[in-house]
Amino acid sequence: MRDWLILGVGTLLFGLLALSGDTYLLRLGTMLAMYAVLAMSWNFIGGMTGYPSFATAAFFGLGAYTSAILQAAQMPMAVGWAAAGLVAGGFALLIGLPILRLKGHYFAIASLSIGEILREVVNTSEEITGGGMGMNLPLLRLPPEVQAQAFYLCMLGLAVLTTAVAILVHHGRLGFAFRCIEQNEDAATVLGVDTRTFKTAAFGLSAVFSGVAGAIYGNWVHYIEPLDVFDIMHSVKPLVMVLLGGLGTLFGPIFGAIVFLALEEAVWRNFLGVHAAVLGVLIVAMVLFLPRGLATSFEQIARRFRGKAA
Amino acid sequence: MSGVALTVAAVEAGYGDVQVLWGVDLDVGPGEIVCVIGSNGAGKTTLLRTISGVVRARAGRIAFGETDLTAATPADVLGAGIAHVPEGRRLFAAMSVEDNLKMGAFLRRDQAGIREDLERVYQYFPKLHERRRQDAGTLSGGEQQMCAVGRGIMSAPRLLMIDELSLGLAPQIVEQLSEILLRIRGDGLSILVVEQDVNAALELADRGFVVDRGRITLHGDTETLQTDPQVREAYLGMA
């Protein structure tokens, strides 16, 4: 109940931001919503279930291209977005069955290769995808401020939907099973948890919303190319956000996305040449000082204070 | 409780190219406590994993009463009434004791029955009730084994299979656990326990099977086994 309240208030507050006509602010808001979606998506498989996936970029890119190809064939934008989620989710279920047999580093590498393979496929299927030239998406005949508002609201809507699903999963049977697999897959198996099905479900969940995010992103920036939408950074960033916010927690990923975006805007724009190094230092620092993420650490600090007061 | 027997006939199983079990025959009657003893790597754990469907049998037949379980999944086996307490406890360390126990009832839908069984587990193991909100990882070895056995009971089984009951536990604790297992059996469950600690196993069980390199080499009443020269020499360290 408390979680739904937080979601409601958060939606309202972030929704109000749409009234602002400031395109820079709206651009930041759209990025934030997109980051939150990707981080929460990754959290299903990487955080709750404990399978370190690097496939987020694959789903993001697959979604972006699915939607772009359909729109190039004169399909409406909404159909493209919905199809992006379905295709990315379906693809994850198919590819998940074999690669979720792997664990730890092996799974990480296998999942990493999916994006690379898809990028090559897109690169070489020039008749459909335009190859390395990329694809243009239809321009909307709307003033720039209105477009900025519209895309912000769309991405925010997706973030709200993702959060709602995360809340349901978190408190439901699915989340219980995910956490059991994360902690001890063998034990989960002998307790009758069909681990293969649940792992695949977690992977599918992580793909659906990433795919839609990719599709919205494509329309937002009007142009996609393989190097951009299959960028490995789309896999790494969500992971860092979740580590920042708190692995396997409900609102941690959103929290992590906010902190990450703030860092990105404040630091990296000014140190463009070394931003990859900053990211590396950040990951090391987190593992050393905040192994359980900000959300969990705050909770612990709060508990300590409450303990003293009592 | 209804009397259902577990029958394992000529079962062969293994991992990849390595065959571990070579034609194993074993049975557990209703209300019986049966132990499987043998040295490290004899195939005891593989036998339990094969019965519970984690490892697929390559040949032979496994049945529980009328239900054929030869090609069953772990969920099927659990549904048929066989619970597996895996080696090394395998608790969900970062979950509370109570959540661990409830996890044992993952496949059940009868909320009232689950609550009843939870009470029953707390009656067997009052320590678990005391510590029900604690993370399972903070329990002592003996308490962890209690939690693992309790989790097994939460699936409302008719047969409880325990892999290495005594592993890493003080003899006193093993004795306490054995007493509770006798009570559990008294309430109508059969128990199949796998042990390296042959003394403890023979004390607890009615019948025993000796496994050596994937084959059953000997079986019989525990009194008979205790006096068997082969067992005394190989496993009890007596001539």
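1. A pocket, to start with the term you will need most, is an open set of points on a 1 Å grid over the protein atoms alone, with protein on both sides within 12 Å along at least five of seven lines; its lining residues have an atom within 4 Å of a point. Please keep in mind that this is a predicted model, in which local features need pLDDT of at least 70 and side-chain atom pairs count only at pLDDT 80 or more, while totals for chains, interfaces and linings use all residues. Residues are numbered from 1 along each chain as its sequence is written, chains are lettered from A and ligands numbered from 1 in the order in which they are written, and side-chain values use heavy atoms, with hydrogens and water left out.

2. The largest pocket has a volume of about 1,300 Å³ (the space filled by probe spheres set on the points, which are joined across faces, edges and corners). Its lining counts 31 residues, and H170(A), G248(A), T249(A), T296(A) and E299(A) lie nearest the centre. Helix α15(A) gives the most to this lining, six residues. (Helices are DSSP runs of H or I with at least four residues, strands are runs of E with at least two, and both are numbered from the N terminus.) By class, the lining has eleven nonpolar, eleven polar and nine charged residues, where Ala, Val, Leu, Ile, Met, Phe, Trp, Tyr, Cys and Pro count as nonpolar, Asp, Glu, Lys and Arg as charged, and the others, Gly among them, as polar.

3. Next comes the second largest pocket, with about 860 Å³ of space. Among its 28 lining residues, T189(A), T195(A), R49(B), V54(B) and P74(B) are the closest to the centre. Two or more residues each come from α9 (185-190) and α10 (195-221) of chain A and from α1 (44-51) and α2 (74-80) of chain B. The largest share, four residues, is that of α9(A).

4. Helix α9 of chain A is worth a second look. Its E185(A) forms a salt bridge with K103(A), with the closest N and O atoms 3.9 Å apart (the rule asks for a side-chain nitrogen of Lys or Arg within 4 Å of a carboxyl oxygen of Asp or Glu). K103(A) lies in the loop between α4 (77-99) and α5 (104-124), so the pair ties together parts that are 82 residues apart in sequence.

5. What about enclosed space? A cavity is a set of points where a 1.4 Å probe fits but cannot get out, and there are two of 30 Å³ or more. The largest cavity holds about 50 Å³, and its lining includes H170(A) and T249(A). Helix α2(A) gives the most to that lining, four residues, and none of the lining residues is charged.

6. Chain B has an open sheet of six strands in the order β6-β7-β8-β3-β9-β10, with mixed pairing (two strands pair if DSSP finds at least two bridges between them). β6 (82-85) and β10 (215-221) stand at the edges with a single partner strand each, so one side of each is left without a neighbour in the sheet. Strands β3 (residues 33-37) and β9 (residues 207-212) run parallel and are joined by four bridges; in one pairing, the partner of C35(B) is G208(B).
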